[in-house]
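Biologist: I've got a structure on the screen and I'd like you to walk me through one part of it in detail. Here it is.

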Amino acid sequence: MRNTTKKKWGTILSAAVIIAVLGIYLAVLLLPILGETLGDTVLLALLILYSLILIAVIVGVLAALRQRLREIEGGEEDDAKKY
């Protein structure tokens, strides 16, 4: 049981680091949008599109984290070691 706890914490920690880095990068990207009310619309559209892509990556990381935690709970790795 202790081994699965280590696996869970490692999985959660790595996902948290990735989400934190992407979140900081996203905040830095969005600061120009907040500073300018009606700037260049093409630049604004590109920044919004790029921000949506980063949000999609964060959602993907969370989905992978959820799937990995289910695998750890189900003991699929332990079953695979038998073969």
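What is the relative accessible area of L26, and does that make this residue buried or exposed? From there, please take a close look at helix α2, which is where L47 sits among the buried residues.

Modeller: L26 comes out as buried, with a relative accessible area of 11%. The scale here is simple: buried is under 20% relative accessible area, exposed is over 50%, and partly exposed is in between, using a 1.4 Å probe and protein chains only.

Before going on, a word on the ground rules. This is a predicted model, so local features need pLDDT of at least 70 and side-chain atom pairs count only at pLDDT 80 or more, while totals for chains, interfaces and linings use all residues. Residues are numbered from 1 along each chain as its sequence is written, and side-chain values use heavy atoms, with hydrogens and water left out.

Now the layout. The chain has three helices and zero strands, and from the N terminus its elements run α-α-α. Helices here are DSSP runs of H or I with at least four residues, strands are E runs of at least two, and both are numbered from the N terminus. Across the 83 residues of the chain, 17% are buried.

Your L26 lies in helix α1, and a handy way over to α2 is L47: the C-alpha atoms of L26 and L47 are 9.7 Å apart, with their positions 21 residues apart in sequence. Another pair to pull up is I58 and I19, which are 39 residues apart along the chain but have C-alpha atoms separated by 5.9 Å. I58 belongs to helix α2 and counts as buried at 15% relative accessibility.

As for α2 itself, the geometry checks out. The expected span of a helix is 1.5 Å times one less than its number of residues. For the 34 residues of α2 that should be 50 Å, and the end C-alpha atoms are 49 Å apart, which agrees. After the helix comes G75, with a positive phi near 75 degrees.

What does α2 keep covered? Its buried residues are L47, S51, L54, I58, V61, L65 and I72. S51 is a nice one to zoom in on: it is buried with a relative accessible area of 5%, and its side chain reaches the backbone oxygen of L47 at 2.7 Å. That distance falls under the polar contact rule: N or O atoms within 3.5 Å, where within protein one must be able to donate a hydrogen and the other to accept it, and residues adjacent in sequence count only if both atoms are side-chain atoms.

On the outside, Y25, V42, L46, L49, Y50, I53 and V57 form a nonpolar patch with about 660 Å² of accessible area together. Helix α2 gives the most to that patch, with six residues. Patches take residues with over 30% relative accessible area and no salt bridge, joining like charges within 9 Å and nonpolar side chains (Val, Leu, Ile, Met, Phe, Trp, Tyr) within 5 Å. The areas come from the Shrake-Rupley method with a 1.4 Å probe, and for residues only the protein chains shown count as cover.

Two of those patch residues also meet ring to ring. Rings of Phe, Tyr and Trp (its six-membered ring) pair if their centres lie within 6.5 Å, with planes under 30 degrees apart called stacked, over 60 edge-to-face and the rest tilted. By this rule there is one aromatic pair: Y25 and Y50, edge-to-face at 6.2 Å centre to centre, with 80 degrees between the planes. Y25 is in helix α1 and Y50 in helix α2, so the pair ties together parts that are 25 residues apart in sequence. Y25 is partly exposed at 41%, as is Y50 at 38%.

Finally, the charges. A salt bridge is a side-chain nitrogen of Lys or Arg within 4 Å of a carboxyl oxygen of Asp or Glu, and the structure holds two. In one, E73 pairs with K8, their closest N and O atoms being 2.0 Å apart. E73 lies in helix α2 (residues 41-74) and K8 in helix α1 (residues 2-35), so this bridge links parts 65 residues apart in sequence. E73 counts as exposed at 53%, whereas K8 is partly exposed at 27%. The other bridge joins E71 and R68 at 3.5 Å between the closest N and O atoms. Those two sit three residues apart in helix α2, about one helical turn. Both are partly exposed, E71 at 27% and R68 at 23%.
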